[in-house]
Amino acid sequence: MKELLIAIASGLVDAPDEVTVEVAEPDEDGTIVYTLYVAENDKGRVIGKQGRIAKSIRTIMRAAGTRVGQKISVDIN
């Protein structure tokens, strides 16, 4: 899952070398939180107008997590 998130974000940004992802341990309801870090100049590209791209990234990750039996949440920093 981490690799999927990195691949999606790297395709959107100008500085793909600065894309990193931290994975937190599952919380009490079993949700795994992936925190996406990008360069300051690329945050707008990843979030998109009115958050549309960020919402799409979260939807893709949730769907991929469902296929492997995981609850996934994505935070963007």
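Contact, as the word is used in these legends, means heavy atoms within 4.5 Å. The views show a predicted model.

**Figure 1. Surroundings of Glu18 in the loop between H1 and strand E1.** Glu18 touches Tyr37, Val38 and Ala39, with residues up to four places away in sequence not counted. The relative accessible area of Glu18 is 48%, and the residue is therefore partly exposed. Between the C-alpha atoms of Glu18 and Val33 the separation is 19 Å, and these two residues stand 15 residues apart along the chain.

**Figure 2. The crossing of helices H1 and H3.** Helix H1 comprises residues 2-12 and helix H3 residues 52-67. Their axes come within 11 Å and cross at roughly 155°. An angle over 145 degrees counts as roughly antiparallel, and H1 and H3 are therefore roughly antiparallel to each other. The crossing in which H1 passes H3 is right-handed. From H1, the residues Leu4, Leu5, Ile8 and Leu12 meet Ile53, Ile57, Ile60, Met61 and Ala64 of H3. By type, the residues of this contact of H1 with H3 comprise nine nonpolar, no polar and no charged.

**Figure 3. Leu4 of helix H1 and its contacts.** Once residues up to four places away in sequence are set aside, Leu4 touches Ile60, Met61 and Ala64. Along the chain, Leu4 and Ile60 are 56 residues apart, while their C-alpha atoms are separated by 9.4 Å. With a relative accessible area of 34%, Leu4 is partly exposed.

**Figure 4. The largest nonpolar core, with Val46 and its contacts.** This core contains 16 residues, of which Leu5, Leu36 and Val46 touch the most other members. At least two residues of the core are supplied by each of H1, strand E2 (31-37), H3 and strand E3 (71-76). In soluble globular proteins, nonpolar side chains tend to be buried together. Val46 is in contact with Val13, Leu36, Val38, Ile53, Ala54, Ile57 and Ile76, apart from residues up to four places away in sequence.

**Figure 5. Thr35 within strand E2.** A residue is classed as buried when its relative accessible area is under 20%. For Thr35 the value is 12%, and this residue is therefore buried. Beyond its neighbours within four places in sequence, Thr35 is in contact with Thr20, Val21, Glu22, Asp75 and Asn77.

Key. Residues numbered from 1 in each chain as written. Predicted model: local features only at pLDDT ≥ 70, side-chain atom pairs only at ≥ 80, totals over all residues. Heavy atoms only, no water. Axes fitted to C-alpha atoms, helices over the stretch in contact; angles between N-to-C directions. Helix = DSSP H or I, 4+ residues; strand = E, 2+ residues; numbered from the N terminus. Parallel < 35°, antiparallel > 145°, perpendicular 65-115°, else oblique. Left-handed = near helix turned anticlockwise from the far one by under 90°. Nonpolar A, V, L, I, M, F, W, Y, C, P; charged D, E, K, R; others polar. Core = buried A, V, L, I, M, F, W, Y, C linked by side-chain atoms within 4.5 Å. Buried < 20%, exposed > 50% of the residue type's maximum accessible area, 1.4 Å probe, protein only.
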